[in-house]
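Dear colleague,

Please find below the structure that I am handing over to you. A summary of the findings follows it.

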Amino acid sequence: RVWVMKSAYPFFHDLQLRYARVGASADSLSSRSTSSSLTSQDSNAVEEDPAKPFRERPLCVYSGHQADVLDLSWSKNFFLLSSSMDKTVRLWHISRKECLCCFQHSEFVTSISFHPRVSLPVKL
């Protein structure tokens, strides 16, 4: 699950909508089907408590790991790496419904990070 602060929600929601429009025009999102997925949450479904800094519902939910997630790392251009006790590292992007790539390892990957000087291409 990806949780955002209430004050940051408009930015991330607009970002998702922008990528969705680009993806829909290329018809890339609807033609793919995998077991890994992202679910966007309806922003109006739950009444928000003004005292809490985070939204009641996550911005999106990614599915794909078969065991507990051990670490996460965000890139500057909204890619996400997740490592798990299932001995995999998965690459995600906030704009996509599925895992972009799954890296299999022989042991647990307990710590991951994007290289600070290398950016992945934004074009998906």
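In which sense do β4 and strand β5 pair, and over how many bridges? The two strands run antiparallel and are joined by 5 bridges, with β5 covering residues 88-93. Please bear in mind throughout that this is a predicted model.

**Strand β4 and its partners**

Within the pairing of β4 and β5, Ser82 stands opposite Arg90 of β5. The hairpin of these two strands has 3 residues between them, and Lys87 there adopts a positive phi near 70 degrees.

Strand β4 also pairs with strand β3, which spans residues 69-74; the two are antiparallel and 5 bridges join them. Here Val69 has Ser84 of β4 as its bridge partner. The hairpin of β3 and β4 has 4 residues between the strands, and in this hairpin Phe78 takes a positive phi near 70 degrees.

As for its surroundings, strand β4 consists of residues 79-84, and 6 of the 6 are buried, so the strand is largely enclosed by the rest of the structure. In a regular strand, side chains alternate between the two faces of the sheet. In β4, Phe79, Leu81 and Ser83 point one way, while Leu80, Ser82 and Ser84 point the other way; residues of both sets are buried.

**Aromatic residues**

A search of the whole structure yields 4 aromatic pairs. One of them is formed by Phe11 and Phe12, whose rings are edge-to-face at 5.1 Å centre to centre, with 85 degrees between the planes. Phe11 counts as partly exposed because its relative accessibility is 43%. Phe12 has a relative accessibility of 19% and counts as buried, because the cut-off for that class is under 20%.

A further pair is that of Tyr62 and Trp92, which is tilted: the centres are 4.7 Å apart and the planes stand at 50 degrees. Tyr62 belongs to strand β2 (residues 60-63) and Trp92 to strand β5, so this pair ties together parts that are 30 residues apart in sequence. Tyr62 is buried, at a relative accessible area of 13%. Trp92 is likewise buried, at 2% relative accessibility.

Phe78, already mentioned for its positive phi in the hairpin of β3 and β4, forms one aromatic cluster with Phe11 and Phe12. Another ring, that of Tyr9, has Arg55 lying over its face, at 3.7 Å from the ring centre.

**Salt bridges**

Side chains of opposite charge can pair when their charged atoms come close. How many salt bridges does a search of the whole structure find? The search finds 2.

In one salt bridge, the side chain of Glu56 meets that of Lys52 at 3.7 Å, N to O. Glu56 is partly exposed, with a relative accessible area of 29%, and Lys52 is partly exposed as well, with 41%.

In the other, the side chains of Arg96 and Glu98 meet at 2.9 Å, N to O. Are these two residues buried or exposed? Arg96 counts as buried at 6% relative accessibility, and Glu98 is buried with a relative accessible area of 6%. Both values fall under 20%, the cut-off for a buried residue.

With kind regards

Terms used:
Residues numbered from 1 in each chain as written. Predicted model: local features only at pLDDT ≥ 70, side-chain atom pairs only at ≥ 80, totals over all residues. Heavy atoms only, no water. Buried < 20%, exposed > 50% of the residue type's maximum accessible area, 1.4 Å probe, protein only. Pairing = 2+ DSSP bridges. Phe/Tyr/Trp six-rings, centres within 6.5 Å; stacked < 30°, edge-to-face > 60°. Lys NZ or Arg CZ within 6 Å of the ring centre and 35° of its normal. Salt bridge = Lys/Arg side-chain N within 4 Å of Asp/Glu carboxyl O.
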